[in-house]
Amino acid sequence: MDSFNAITVAIFLPFIFAGLVPVMEKLLKQRVGWFAAATALTSFILIGMAAPEVLEEGHIVQGTISWIPSAGVNFSIYADGLAMLIGFIASGIGVLIMSYSNGYMSQKEDLKRYYQYLLLFMGSMIGMVFSANTIQLFIFWELTSITSFMLIGYWRHKPESIYGATKSLLITAAGGLAMLAGFLLLRSITGSFDLAEILSDPQIIHAIKEHELFLITLILILIGAAAKSAQGPFYIWLPNAMEAPTPVSAFLHSATMVKAGIYLVARIHPIFSGTDAWFILVSGIGILTMLVAGFLAFRQTDIKGILAYSTISQLAYMMTMYGYTTHHEPGIGVAAATFHLLNHATFKACLFLVAGIVAHEAATRDIRKLGGLRREMPITFIVASIAALAMAGVPPLNGFLSKEMFYESSLEMGHMLGGAFTFIIPACAVLGGVFTFAYSIKLIDGIFLGERSKEHLPEHIHEPPLTMLIPPAFLAGLVILFGVVPSLPIHHIIEPTVSGILLETAHLHVKLWHGFTTSLMMTIVTFILGILIYTKYDRIAAWQNSFNAKFPWISVNYYYDNAVDSAKDRAFKFSSFTQPGNIKNYINAMLLLMIALVAVPVIILATNIIPSTLNFDIPPYEAILLILLVVAALAAAVLPKYLPAIIALSALGYGVSLLFIYLKAPDLALTQVLVETLSTIIFLLAITKIPQKYKEKITTSVLVRDLTISLAVAASVFVVLLNATQGIVPPFESLSHYFIENSLPLAGGHNIVNVIIVDFRGYDTLGEISVLCLAALGVYNLIHSRGEEQ
């Protein structure tokens, strides 16, 4: 199997096997998680089949399958070092998470739904990173938002889960729409949706940077990236997403989904970097988020809450480093950011899995109730310490190396900017490191050190089963390995990834000891200040709580909750004004609008309303049929009882079908018969529930109003139909010849009407189907809202 086919199968295999989970659940029962883990392992192996070609030989695997050629959109793969890195993380961590879930998830849970969602998410994530065009990337991007919504809201009975899921979907999906707008602007500049084409052409990249739409395109795309990676004001969704099962948090919110925004920033780096706007927006958002999130982590008492804010802060590290750029040195922080991306996936996923172990065994995630668990859970304590110390940047672990690279790139960026920035940029980096060190130590001290609480913890606490212990232990092993032998990940993973981002060959030299460098001095300062800050940790947390209680409006959550909570009331007031309940008023409003849309252009622009070429030579059969149609229409309007009126209306519809047959349009006639039959049945069922005679008294003024509107509508339709073949406003050219000439060559169909509906108006038809599906879903929910008994 060649590399293109291997990656394509790796993308779609989780989607296919997600459909098989219910079947496998019946066979494997509670062990169905191993089937999901095997699926993730298979995708990992398939991606690995392309690794030699991409990571060792330095080639880019590309391939295309025709999809929507008329729009310039195909299913296409672009596999470089960056895509391979995220693909390995998504599938590799997926194997560990699904294996871990076999021990974590209760047998009473809906396991098939759980593993289906996990596999769908993993497939979406892999598909996104290997996408070669922006439309395909957007589709997989939004699929990750939808599947994460289902995973965060997995426990449907918990209001907190529903709140967190809704919040994540609103923010990330809205960000995705902004990103799509940016992609459309990018296409308007380049004339292509193909990222591979854009990245491979320096002239296109230069044209983008010189274009007047450059800034707005960059801003829109970065909104999508920031929303997905919880950066800037969009960070608020991630802490609430911690209501998901802990394995989900480990998978989505440490190693994969939140990396999607970072991936996007890295992917578009060659296109937009080297500009002041890139540095200001990307590094500016990163530095601000890094400091704010690191500081807010202090007041969290849920260990997953601490990890959530630490994740936001660590992602901001990467955002900051990817944003370090100048015109002459566009990739100052790319190597450091990429190495930290890999390292963060290892130690943060490990910490989330440890949090799951602690909650599973101690029955609480409240760090105030924990402590002293090192004696009863020594292995978990060692694993957690390794991961937390790596996050704190303590040698010889991998986090120390990437933090050193962060400090080095911050020094270089400050030097490039000069002036006060020579101090400000490195100082912000150190302050972010100080906060990280403090909350990392809090995790170790608050959970495992100190005295054991006798009031809040179970009497007997022990190590978890091996299915839950092996995955975090394996990740802890990688943390040590990548720190002690950095050449292993650097040469085989990071260098090809950096080369893919910078579009030039990269050679990195990373080792534990470089001597007493400035960056090492910054690390020592970080440790000293971190220890000092930690001695005031609880006092800082108490101050934050007090400040937030006094000034709740300073929180972004305050504005989000106010907007969402008041949306229902505002919608009710708006609908009460626009839809007071009288159906006749709605109909009149629509008819008046139709009259305005037809009458105003006719009055202003028309030169000859009544055509001079009308043909009054009507065959007898057609004349008799038209007379019957008029009689049926008048009967439907004037009959006083519902049943005769419905029969007259039905006769009118069947008469139209006869007219279609006479005009040699049997397909339209058949459609009309089917619709008319169904409508008649529905009407007859409805009138059995209401009085059989129309009892409303119609005053003279109402009658005059209704007749006026009816005659105006009739006149408007009459004028439109009279001029249907020659137009009202000259010059007019009929579209019919286009459909006649192109129906067969472009769409392969002889039935022109069907071709128009299915092909030429395919998007419109798809929209109509979507509306019908939504209406059916609304009817279904309304019926069920009445309760099962009714």
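Lys664 is exposed in the predicted model, with a relative accessibility of 75%. The residue is found in the loop that joins helix H29 (642-662) to helix H30 (666-687). Its backbone has a positive phi of about 65 degrees, although Lys664 is not a glycine. A second lysine, Lys29, also is not a glycine and has a positive phi, here of about 60 degrees. Lys29 is placed in the loop between helix H2 (21-28) and helix H3 (32-49). At 47% relative accessibility, Lys29 counts as partly exposed, because the exposed class requires a value over 50%. A further backbone feature is the cis peptide bond from Pro395 to Pro396, for which omega is near 5 degrees. Pro396 belongs to the loop between helix H19 (378-392) and helix H20 (398-417).

The overall organisation of the chain was examined next. The secondary structure consists of 34 helices and 2 strands. The C-alpha trace spans about 105 × 65 × 55 Å along its principal axes. Three domains are assigned: domain 1 covers residues 273-579, domain 2 residues 619-695 and domain 3 residues 737-789. The centres of domain 1 and domain 3, taken over C-alpha atoms, are separated by 48 Å. Of the contacts between residues at least 6 apart in sequence, 78% join residues at least 24 apart. Buried residues account for 49% of the 790 residues in the protein.

In soluble globular proteins, nonpolar side chains tend to be buried together. The largest nonpolar core of the present model contains 204 residues, and Met98, Phe130 and Phe272 touch the most other members. Helix H18 (residues 334-362) supplies the largest share of this core, 19 residues. With residues up to four places away in sequence left out, Met98 touches Gly33, Ala36, Ala37, Ala40, Tyr115, Leu118, Leu119, Met122 and Phe251.

Leu353 is located in helix H18. Its relative accessible area is 0%, and the residue is therefore classed as buried. Beyond its neighbours up to four places away in sequence, Leu353 touches Ile97, Tyr100, Ala250, Pro471, Pro472 and Leu475. The C-alpha atoms of Leu353 and Tyr309 are 16 Å apart, with their positions 44 residues apart along the chain.

Two buried serines have side chains that reach backbone oxygens. Ser99 lies in helix H5 (residues 81-104) and is buried, with a relative accessible area of 13%; this value falls in the buried class because the cut-off is under 20%. The side chain of Ser99 reaches the backbone oxygen of Val95 at 2.8 Å. Apart from neighbours within four places in sequence, the contacts of Ser99 are with Trp34, Ala37 and Thr467. Ala37 is also among the residues touched by Met98. The other serine, Ser410, is part of helix H20 and is buried at 0% relative accessibility. Its side chain reaches the backbone oxygen of Phe406 at 2.9 Å. When residues up to four places away in sequence are not counted, Ser410 touches Tyr324, Ile425, Pro426 and Ala429.

Aromatic interactions were then considered. The count of aromatic pairs comes to 31. In the pair formed by Phe551 and Trp553, the ring centres are 6.0 Å apart and the planes lie at 80 degrees, an edge-to-face arrangement. The pair is assigned to this class because the angle is over 60 degrees. Phe551 is partly exposed, with a relative accessible area of 32%, and Trp553 is likewise partly exposed, at 46%. Both residues belong to an aromatic cluster that also includes Phe295, Phe298, Phe435, Tyr534, Tyr537, Trp543 and Phe547. Elsewhere in the chain, a charged side chain is placed over an aromatic ring: Lys158 lies over the face of Trp155, at 4.2 Å from the ring centre.

How values were computed. Residues are numbered from 1 along each chain as its sequence is written. This is a predicted model: local features need pLDDT of at least 70, side-chain atom pairs count only at pLDDT 80 or more; totals for chains, interfaces and linings use all residues. Side-chain values use heavy atoms; hydrogens and water are left out. Domain bounds come from an automatic or database domain assignment. A nonpolar core is a set of buried Ala, Val, Leu, Ile, Met, Phe, Trp, Tyr and Cys residues joined through side-chain atoms within 4.5 Å. Buried means under 20% relative accessible area, exposed over 50%, partly exposed in between (1.4 Å probe, protein chains only). Helices (H or I, at least four residues) and strands (E, at least two) are DSSP runs, numbered from the N terminus. Contact means heavy atoms within 4.5 Å. A polar contact is a pair of N or O atoms within 3.5 Å; within protein, one must be able to donate a hydrogen and the other to accept it, and residues adjacent in sequence count only if both atoms are side-chain atoms. Rings of Phe, Tyr and Trp (its six-membered ring) pair if their centres lie within 6.5 Å; planes under 30 degrees apart count as stacked, over 60 as edge-to-face and the rest as tilted. A charge sits over a ring if NZ of Lys or CZ of Arg is within 6 Å of the ring centre and within 35 degrees of the ring normal.
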